[in-house]
Amino acid sequence: MKAAGRVSFSIMACLALVLIVTASAAAESDSWREDITRQIAEEEYHFSARTDGSWSAPNRAHRLRSVVDDSGIRIEDRVAGDQEWQWGWQLAWWGRGAERITPDQPVLHVDGARAELLGNGLDEWYINREDGLEQGFTVHQRPAGDGPMVVSGRMSGNFRVTMHSDRRGIDLRTPAGVTVLHYSHLAAFDALDEALACRLEVDGFELRLVVVDHDAVYPITIDPLLSSASWTADGTQGSAAFGATVATAGDIDGDGYADILIGASDFDNGQSNEGRVYLYRGSA
């Protein structure tokens, strides 16, 4: 009986060991899959070299494609390319007042999802990620002169620009009135991570990032974000004033997400300008 008891105990111990090893292997397998999945997701946002010397990065989450070279950056629709629309930025100068610094030819450096244009006293950089394309500027030393510090660039593309009420963002709209790009979430901070007052100014194709840096400790960082519109819609009839009125509809279908009403006051459906209201159901 004692021998049988020992054998039974040994079998149970071996089974327990097998279960532990199996569970450990399963955990390692799940961890391996998670690591690979995360790595693939991250690498999807990396810049890749092109034959013309530029670097390109897709952004599936925002349906954008960014192309950077030593002259600046351009952004376009990831699927349609520049046949749909294209927006570009090139650094023109920085400084304050009449003391303007013109950039030298920068050195382009790319590492994964980050692209840097390293220059004489100012570095321009981009990070491509799921919430958009982060644009950043690091100004290493306080520029001479009076007034706020300004970073100025020239935009390209056929757009109408709408300034946000807080002057920390703009919307870029096609001639048809469709918003395709947000340049927003402008922020600035100094070497001590103190927030600095900042705003945007637009003068034709010139976009200026203005920072109040009276008490700032250099270097300072200026940091906007480029992203696509979260949701867009087009009317089904031209000149119907689609989008002239927009209102929340509450949660009409009871799915936990707010729904939206969009009016087209000049829609024709047998009678001139009789109007139409469109209901769009919200979702995650």
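Q: How much area does the protein chain expose, and what share do carbon and sulfur atoms supply?
A: In this predicted model, the protein chain exposes about 16,400 Å². Carbon and sulfur atoms supply 52% of that area.

Q: What share of the residues in the protein chain is buried, and what makes a residue count as buried?
A: Buried residues make up 35% of the 284 residues. A residue is put in that class if its relative accessible area is under 20%.

Q: Why is His140 called partly exposed?
A: The relative accessibility of His140 is 35%. Buried means under 20% and exposed means over 50%, so His140, at 35%, falls in between and counts as partly exposed.

Q: Where does His140 lie, and which residues does His140 touch beyond four places away in sequence?
A: His140 lies in the loop between strand E10 (132-139) and strand E11 (149-156). Residues up to four places away aside, His140 touches Gly121, Leu122, Asp123, Tyr218 and Pro219. Thr221 is 81 residues from His140 in sequence, with 8.8 Å between their C-alpha atoms.

Q: What makes the pair of His140 and Asp123 side chains a polar contact?
A: The two side chains are 2.8 Å apart at this contact. The cut-off for a pair of N or O atoms is 3.5 Å, with one able to donate a hydrogen and the other to accept it. The value of 2.8 Å is within 3.5 Å, so the pair counts as a polar contact.

Q: Which residues touch the most other members of the largest nonpolar core, and which strand gives the most to this core?
A: The core has 41 residues, and Trp87, Trp89, Val151, Leu209 and Ile222 touch the most other members. Strand E5 (residues 81-96) gives the most, with five residues. In soluble globular proteins, nonpolar side chains tend to be buried together. Contacts of Trp87 beyond four places away in sequence include Ile75, Met155, Phe159, Leu172 and Leu226.

Q: How do you know that E20 and strand E21 pair?
A: Pairing needs at least two bridges between two strands. E20 and strand E21 (residues 259-264) have six bridges, in the antiparallel sense, so they count as paired. Phe242 stands opposite Ala264 in E21.

Q: Why do strand E20 and strand E22 stand at the edges of their sheet?
A: Three strands form this open sheet, in the order E20-E21-E22, with antiparallel pairing. Strand E20 (242-250) and strand E22 (276-280) each have a single partner strand, so one side of each is left without a neighbour in the sheet. From one strand to the next, the twist averages 25 degrees.

Technical notes. Residues are numbered from 1 along each chain as its sequence is written. This is a predicted model: local features need pLDDT of at least 70, side-chain atom pairs count only at pLDDT 80 or more; totals for chains, interfaces and linings use all residues. Side-chain values use heavy atoms; hydrogens and water are left out. Helices (H or I, at least four residues) and strands (E, at least two) are DSSP runs, numbered from the N terminus. Buried means under 20% relative accessible area, exposed over 50%, partly exposed in between (1.4 Å probe, protein chains only). Contact means heavy atoms within 4.5 Å. Accessible areas come from the Shrake-Rupley method with a 1.4 Å probe; for residues, only the protein chains shown count as cover. A nonpolar core is a set of buried Ala, Val, Leu, Ile, Met, Phe, Trp, Tyr and Cys residues joined through side-chain atoms within 4.5 Å. Axes are lines fitted to C-alpha atoms, for helices over the stretch in contact, and angles run from 0 to 180 degrees between N-to-C directions.
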